[in-house]
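Me: Could you walk me through this model, one question at a time? I would like to see the reasoning behind each answer.

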Amino acid sequence: MEALALMPGASIRYAADFLDDADQHRIHQQLREQMQWSQQHITVFGKRHLIPRLEAWHGDHAASYRYSGTDHSPHPWTAALEELRNRLGRFREDLQFNSVLGNCYRNGDDAMGWHSDDEPELGPEPCIASISFGATRDFCMKHRTRKDLDRVKIALQPGSLLIMEGETQQHWVHSIPRRRGKNAPTERINLTFRNILGD
Ligand SMILES: O=C(O)CCC(=O)C(=O)O
Ligand SMILES: [Mn+2]
């Protein structure tokens, strides 16, 4: 697994070929059909907006989680999600996840704004394993405070695995920008495996 460009305070690794083409394709279809996709609302300055993507939250019953301002209990693991969790465990034995957030970007208009995965339920140094299916999208990162550091852009390929851990979420934010025009992307599904800490 490749360690990425010099990024102070970040610990990020990228494996472009975590899944081969056939598995990537098969699992993509399974996730699209079997995860519980819905389009959530978010309220910003008192105004309700639809989030520009579909989301689905699956995991152990005990792992409940607050995101987009709402509490969510996870839907149960599907066979494809269990398979991926097992593969992650074989890939790196120290990895442990009790839940997974799916995001489905239907086209280039769907996106995710700058944020970090720093919810208290994840603990101070969460390990997040991100697997991508379908279209390639740019995953952008910028340091929270150091404007002298270049932004980093990683084109997350279908079948790839990106692991963020250590202090990454404390110092860096990330986003998936909208992409319009001639080369606008087709559908992409991303899964972020997470470990929600109990009380
Ligand atoms: O779609 C991606 O690659 C990123 C998803 C993400 O940042 C998140 O679910 O918190
Ligand atoms: Mn995130």
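Me: Happy to start with helix α1: how many Å should its 14 residues span at 1.5 Å a residue?
Reply: This is a predicted model, so the check compares two computed values. The end C-alpha atoms of α1 are 20 Å apart. That agrees with the expected span for its 14 residues at 1.5 Å a residue, which is 20 Å.

Me: Which residues of α1 are buried?
Reply: Seen down the axis of α1, the buried residues fall within an arc of 115 degrees, so they line one face of the helix. The face turned away from that buried side carries the exposed residues A22 and E33. The buried ones are I27, H28 and L31.

Me: What covers those buried residues of α1?
Reply: Both helix and strand elements take part in the cover. It includes α2, β8, β10 and β15.

Me: Now α2, residues 79-91: how far apart are its end C-alpha atoms?
Reply: The helix has 13 residues, and at 1.5 Å a residue they should span 18 Å. The model agrees with that expectation, because the end C-alpha atoms of α2 are apart by 18 Å.

Me: Over what arc around the axis do the buried residues of α2 spread?
Reply: The buried residues here are A80, L81, L84, R85 and L88. They sit on the same side of α2, because the arc they cover around the axis is only 140 degrees.

Me: And which exposed residues does the opposite face of α2 carry?
Reply: The buried side of α2 packs against α1, β5, β8, β10 and β15. The face turned away from that side carries A79, E82, N86 and R90.

Me: Let's look at A79 in α2. Is A79 buried or exposed?
Reply: The C-alpha atoms of A79 and I27 are separated by 9.8 Å, although the two residues are 52 apart along the chain. For the class of A79, what counts is its 10 other C-beta atoms within 10 Å. A residue with 12 or fewer is classed as exposed, so A79 is exposed.

Me: Which residue of β13 stands opposite S130?
Reply: Strand β10 (residues 128-134) pairs with β13 in the antiparallel sense, over four bridges. Four of the five residues of β13 are buried, so to speak "mostly covered". The residue of β13 opposite S130 is L162.

Me: How many bridges join β2 to β13?
Reply: Strand β2 (residues 11-15) runs antiparallel to β13. One bridge partner pair is I12 with M164 of β13. The number of bridges joining β2 to β13 is five.

Me: Which residue of β15 is the bridge partner of G102?
Reply: β8 and β15 run antiparallel and are joined by seven bridges. In β15, six of the seven residues are buried. The partner of G102 there is L191.

Me: S130 turns up again with β15: which residue does it stand opposite there?
Reply: β10 and β15 also run antiparallel, with six bridges between them. Opposite S130 in β15 stands T192.

Me: Which elements give two or more residues to the shell around ligand 1?
Reply: The residues around ligand 1 are L101, N103, M112, D117, S130, F139, L156, H174, I176, N190 and T192. By class, that shell has five nonpolar, five polar and one charged residues. The elements that give two or more residues to the shell are β8, β14 and β15.

Me: What is the approximate phi of F45?
Reply: F45 is found in the loop between β3 and β4. With 4 C-beta neighbours inside 10 Å, it counts as exposed. Most residues other than glycine have a negative phi. F45 is not a glycine, yet its phi is positive, at about 50 degrees.

Me: Last one: which residues does D60 touch, not counting those up to four places away in sequence?
Reply: D60 is found in the loop between β5 and β6, and counts as partly exposed with 14 C-beta neighbours inside 10 Å. The C-alpha atoms of D60 and V100 are separated by 9.4 Å, with the two positions 40 residues apart along the chain counted as their separation. The residues that D60 touches are N98 and S99.

Methods: Residues are numbered from 1 along each chain as its sequence is written. Chains are lettered from A and ligands numbered from 1 in the order in which they are written. This is a predicted model: local features need pLDDT of at least 70, side-chain atom pairs count only at pLDDT 80 or more; totals for chains, interfaces and linings use all residues. A residue is buried if 20 or more other C-beta atoms lie within 10 Å of its own, exposed if 12 or fewer, and partly exposed in between; C-beta atoms are placed from the backbone. Two strands pair if DSSP finds at least two bridges between them. The expected span of a helix is 1.5 Å times one less than its number of residues. The arc is that of the directions from the helix axis to the C-beta atoms. Two residues are in contact if their C-beta atoms, placed from the backbone, lie within 7 Å. A residue is near a molecule or strand if its C-beta atom, placed from the backbone, lies within 6 Å of it. Ala, Val, Leu, Ile, Met, Phe, Trp, Tyr, Cys and Pro count as nonpolar, Asp, Glu, Lys and Arg as charged, and the others, Gly among them, as polar.
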